[in-house]
Each structure stands twice: as C-alpha cells, then as structure tokens.
Amino acid sequence: MRYINALALLLVIVGAANWLFVGVAKFDLVATLTGSSFGQTNVISSVIYVLVGLAGLWLLPTLARWAMPADQSAGMGR
C-alpha cells in the first residue's frame, strides 16, 4: 500500500506541475511529452490525465486523516 500511495503522490505532483506550467507559461507538459499540441489529447495523454485524476481521488482518505485532529484519528486503526 505504501508504494501505491507514493506512486499516487508522484502522479498528483506531475499533475500539479503541469497545471503550474499551463497557468504561468501556457505550456502543457503532458501534451508536449505525448506529441500533442497545447490542449489536445491523444490516447497516451488521456491515460496520463485519467491516472492523475485517479491518484488524486486515491489520496483523498490520506487528506482526511491528515486534516483530522489527533484525538479523533487515534481510534481509526492506522
């Protein structure tokens, strides 16, 4: 499970970096790496976007555990 969480975190960081580049420099890293133009998708870029989205959803319980006060999380069986 630890490796899945690490991979999910890496994918979320890649997605965050991509959005940073889009916002600051209008540069789509995923499109560039997969041979597409800005804003266009192909099969590979779509797979990357889906994996990044699933990784974000996978990490939601982790966020909930981090946001929960310590006295409430003690009974959650970490």
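Start your tour with helices H1 and H3, which are oblique to each other, because angles from 115 to 145 degrees fall outside the parallel, antiparallel and perpendicular classes. Keep in mind as you go that this is a predicted model.

**Stop 1: H1 against H3**

Select residues 2–25 for H1 and residues 43–58 for H3; the two helices pack at an angle of about 120°, and their axes are 8 Å apart. Turn the view until one helix lies over the other, and you will be looking at a left-handed crossing of H1 and H3.

Now show the side chains where they meet. On the H1 side, pick Ile4, Asn5, Ala8, Leu11, Val12, Gly15 and Asn18. Their partners in H3 are Tyr49, Leu51, Val52, Ala55, Gly56 and Trp58. Colour this set by class and you get nine nonpolar residues, four polar ones and no charged ones.

**Stop 2: Asn18**

Stay on H1 and centre on Asn18, a residue of that helix. Is Asn18 buried or exposed? Its relative accessibility is 4%, so Asn18 counts as buried.

What surrounds Asn18, once neighbours within four places in sequence are left aside? Select Phe27, Asp28, Leu29, Val30 and Tyr49, which are in contact with Asn18. Tyr49 will be familiar from the previous stop, as one of the H3 residues that H1 meets.

Next, isolate the pair Asn18 and Asp28. Their side chains are joined by a polar contact of 3.4 Å. Along the chain the two residues are ten positions apart, while their C-alpha atoms are separated by 6.2 Å in space.

**Stop 3: Lys26**

Move on to Lys26, in the loop between H1 and H2. Check its backbone here: phi is near 50°, a positive value in a residue that is not glycine. Switch on the surface as well, and Lys26 shows up as exposed, with a relative accessible area of 65%.

**Stop 4: Thr32 and Thr34**

Follow the chain into helix H2 and select Thr32. Thr32 has 44% relative accessibility and therefore counts as partly exposed. Draw a distance from its C-alpha to that of Ser45: the result is 9.4 Å, for residues 13 apart in sequence.

Then step to Thr34, which sits in the loop between H2 (29–33) and H3. With a relative accessibility of 14%, Thr34 counts as buried, because the cut-off for that class is under 20%.

Which backbone oxygen lies 2.8 Å from a polar atom of the Thr34 side chain? Select Val30, as the oxygen belongs to that residue. Val30 is also one of the residues in contact with Asn18, so it is worth keeping on display.

To finish with Thr34, add Asn42, Ile44, Ser45 and Ile48 to the selection. Thr34 is in contact with these residues, not counting neighbours within four places in sequence.

**Stop 5: the whole chain**

Zoom out and switch to a cartoon. The protein has five helices and zero strands, giving the pattern α-α-α-α-α along the sequence. Colour by accessibility next: 18% of the 78 residues count as buried, and Asn18 is among the buried residues.

Finally, bring up a contact map. Considering contacts with a separation of 6 or more, 38% are between residues 24 or more positions apart.

Note on methods:
Residues are numbered from 1 along each chain as its sequence is written. This is a predicted model: local features need pLDDT of at least 70, side-chain atom pairs count only at pLDDT 80 or more; totals for chains, interfaces and linings use all residues. Side-chain values use heavy atoms; hydrogens and water are left out. Axes are lines fitted to C-alpha atoms, for helices over the stretch in contact, and angles run from 0 to 180 degrees between N-to-C directions. Helices (H or I, at least four residues) and strands (E, at least two) are DSSP runs, numbered from the N terminus. Angles under 35 degrees count as roughly parallel, over 145 as roughly antiparallel, 65 to 115 as roughly perpendicular and the rest as oblique. A crossing is left-handed if the near helix is turned anticlockwise from the far one by less than a right angle, and right-handed if clockwise. Contact means heavy atoms within 4.5 Å. Ala, Val, Leu, Ile, Met, Phe, Trp, Tyr, Cys and Pro count as nonpolar, Asp, Glu, Lys and Arg as charged, and the others, Gly among them, as polar. Buried means under 20% relative accessible area, exposed over 50%, partly exposed in between (1.4 Å probe, protein chains only). A polar contact is a pair of N or O atoms within 3.5 Å; within protein, one must be able to donate a hydrogen and the other to accept it, and residues adjacent in sequence count only if both atoms are side-chain atoms.
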